[in-house]
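Please open the structure in your viewer and keep the selection panel at hand. The tour proceeds by selections, each followed by a short account of what is there.

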Amino acid sequence: MLFRSGTISQIVVYKNNTTTSPSPDGTAMVMIEWAANTTANHIGGSTIAKLAVGDTLKAIVAAGTISFDGNDNFSVAYIG
């Protein structure tokens, strides 16, 4: 992950989010935040979400600018 220096960066994973304006309406499952001018190259977080048929997960960049390179990824494991 690469971030713009000078501002904080946040990414939030929401369950059943349908909008981002004026504010997300889903349930926040995990939020990852790091300070401006961090020296971190990779940031991670995890959560366990109980999902039903039709539920969705959506990752939203809530602050700052985040871009992913070839070494970064998201993963999901289904147990059921």
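The stops below lead from the whole chain to the sheet, and then to individual residues in the loops.

**The whole chain**

Begin with the complete protein chain, bearing in mind that this is a predicted model. Coloured by secondary structure, the chain displays five strands and zero helices. Read from the N terminus, the order of elements is β-β-β-β-β. Of its 80 residues, 20% count as buried. If the surface is switched on, about 5800 Å² is exposed, and carbon and sulfur atoms supply 53% of that area. Contacts may also be displayed: among those between residues at least 6 apart in sequence, 64% join residues at least 24 apart.

**The three-stranded sheet**

Next, select β2, β3 and β4 together. These three strands form an open sheet in the order β3-β2-β4, with antiparallel pairing. The edge strands are β3 and β4, each of which pairs on one side only. Direction ignored, neighbouring strands of this sheet are turned by 20 degrees against each other on average. As a general point, the strands of a sheet pair through backbone hydrogen bonds, in either a parallel or an antiparallel manner.

Now follow each pairing of β2 in turn. Towards β3, the antiparallel pairing runs over seven bridges. Two positions serve as landmarks here: Y14 stands opposite A28 in β3, and I11 stands opposite I32 in β3. Towards β4, the pairing is again antiparallel, over six bridges. The landmark on this side is V13, which stands opposite A59 in β4.

**Strand β2 and its two faces**

Restrict the selection to β2, residues 9-15, and show side chains. Is this strand enclosed or open to the surroundings? Seven of the seven residues of β2 are buried, so the strand is largely enclosed by the rest of the structure. In a regular strand, side chains alternate between the two faces of the sheet. In β2 both faces are covered. On one side are S9, I11, V13 and K15, and on the other Q10, V12 and Y14, all of them buried.

**The salt bridge at K15**

Stay with K15 and add D55 to the selection. A search of the whole structure finds one salt bridge. In this pair the side chains of K15 and D55 meet at 3.9 Å, N to O. Because K15 lies in strand β2 and D55 in the loop between β3 (27-34) and β4 (57-63), the pair ties together parts that are 40 residues apart in sequence. The two partners can be compared by accessibility: K15 counts as buried at 18% relative accessibility, whereas D55 is partly exposed, with a relative accessible area of 25%.

**The loop between β2 and β3**

Move on to N16, which lies in the loop between β2 and β3. Although N16 is not a glycine, it has a positive phi of about 60 degrees. N16 is partly exposed, with a relative accessible area of 31%.

Then select N17, which is placed in the loop between β2 and β3. Is N17 buried or exposed? With a relative accessible area of 4%, N17 is buried. To see its surroundings, display P24, D25, G26, T56, K58 and I60; N17 touches these residues when those up to four places away in sequence are not counted. With K58, the side chain of N17 makes a side-chain to side-chain polar contact at 3.3 Å.

**The loop between β3 and β4**

For the last stop, select A49 and G44. A49 belongs to the loop between β3 and β4 and is partly exposed, at 26% relative accessibility. Leaving aside neighbours within four places in sequence, A49 is in contact with M29 and L57. A distance label drawn from A49 to V30, C-alpha to C-alpha, should read 9.7 Å, for a pair that is 19 residues apart in sequence.

G44 is also found in the loop between β3 and β4. G44 is exposed, with a relative accessible area of 64%. From G44, draw a second label to I32: the C-alpha atoms are 7.4 Å apart in space, and the residues are twelve apart in sequence. I32 has already appeared on this tour, as the residue of β3 opposite I11.

How values were computed:
Residues numbered from 1 in each chain as written. Predicted model: local features only at pLDDT ≥ 70, side-chain atom pairs only at ≥ 80, totals over all residues. Heavy atoms only, no water. Helix = DSSP H or I, 4+ residues; strand = E, 2+ residues; numbered from the N terminus. Buried < 20%, exposed > 50% of the residue type's maximum accessible area, 1.4 Å probe, protein only. Contact = heavy atoms within 4.5 Å. Areas by Shrake-Rupley, 256 points an atom, 1.4 Å probe, with all protein chains shown as cover. Salt bridge = Lys/Arg side-chain N within 4 Å of Asp/Glu carboxyl O. Pairing = 2+ DSSP bridges. Axes fitted to C-alpha atoms, helices over the stretch in contact; angles between N-to-C directions. Polar contact = N/O pair within 3.5 Å; in protein donor to acceptor, adjacent residues only side chain to side chain.
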